[in-house]
Each structure stands twice: as C-alpha cells, then as structure tokens.
Amino acid sequence: DLPAPYYPQPGATVIQIYDQSTDLSQNSQTLSASSDSISKSVSKSNAELIEKWQNIIGPNFEIVIANIVREGPGLGISLEGTVDVENGNEVRPHHYIRSILPDGPVGINGILRSGDELLEVNGTQLHGMSHSDVVPLLKDLSTEVQMVCAR
C-alpha cells in the first residue's frame, strides 16, 4: 500500500532539496513502538529515541528511524515547513517530507514516506526549529545520516 499523497496547506512554505545520487547502500530499518512496549529486537539507542519522541509528541504516532548513507549533497526530498497558529501567533513549526525522489538517498533507502514529519537529524532536534534554520542544516549533513520521523 502506498501512502496517500501529501498536499501542502494553503500558504505553506515549500523548500525543494534535491540530489541525483543513485549508488547508495541500504542499511536502515523501520522501528516503531506503542507507548506500552518497545520491541526487544530494537537496539537500546533506537529504543531510547523512540521513547524520547513518544514522550514529546505522544503515543498516537509511529516513530520511524532511517539510517542513510549518501555519496553526494542533498537527500533527494522536498520539504514543507508549516506552523500552528494560536491567537494570531505562529507556534510549533513542523517540517514534513513533501515528496521523495526515487533515485535519491531517501528514496533508495525506502524507509521514509511523503507526509512523514521530520523530528530529528543526526541528533539535532528539528521539532520546533524555524524552517529557515532547518534547511541549511539539512544541506550540510555528513555522509551518514540518521533521520527520525513521525508518521
């Protein structure tokens, strides 16, 4: 089953981040857990990440961790930044994967999906950061990239 397409909200800022790399290894796994139990087969560090994010965003989301090895710049995704608005004030920025290039690092990896919310990359929490701060960070990543998303 393919995920439903993700359409941006009117007025959302959409930033395109593309890469044309195709020769990348796949060394990732999908990890998820409910708030009551974490699979015993999940490594301690991944289990800690899942627990951390479930405590932050709640148990109603699946936490997905993708470990990506890339050879060139970019991740092969387009990213959409949105914010919640309360009483006329912009609060809680969010960063969603809008689309994935099939031959880019994230597409080849095959773990993440359009519509996943990007929470953390290489140990840096993106949840709550402004979109203008997130984009340069994503363009300046090491070869090995760990992406933590909510689905």
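In the predicted model, V121 of strand 5 lies opposite T124 of strand 6, where strands are DSSP runs of E with at least two residues and helices are runs of H or I with at least four, numbered from the N terminus. Strands 5 and 6 (residues 124-125) pair in the antiparallel sense over two bridges; pairing requires that DSSP finds at least two bridges between the strands. The two strands form a hairpin with two residues between them, and N122 in the turn has a positive phi of about 50 degrees. Strand 5 also pairs with strand 7 (residues 144-150), in the antiparallel sense over four bridges, and E117 stands opposite A150 there. Because five of the five residues of strand 5 (residues 117-121) are buried, this strand is largely enclosed by the rest of the structure; buried denotes under 20% relative accessible area, exposed over 50% and partly exposed in between (1.4 Å probe, protein chains only).

Strand 3 (residues 77-86) and strand 4 (residues 89-100) pair in the antiparallel sense over ten bridges, with L79 bridged to I97.

A nonpolar core is a set of buried Ala, Val, Leu, Ile, Met, Phe, Trp, Tyr and Cys residues joined through side-chain atoms within 4.5 Å. Of the 19 residues in the largest such core, L75, L112, L118, V121, L138 and M147 touch the most other members. A second, separate core of eight residues includes I50, I65, L119 and A150.

Residues are numbered from 1 along each chain as its sequence is written, and side-chain values use heavy atoms, without hydrogens and water. Local features need pLDDT of at least 70 and side-chain atom pairs count only at pLDDT 80 or more, whereas totals for chains, interfaces and linings use all residues.
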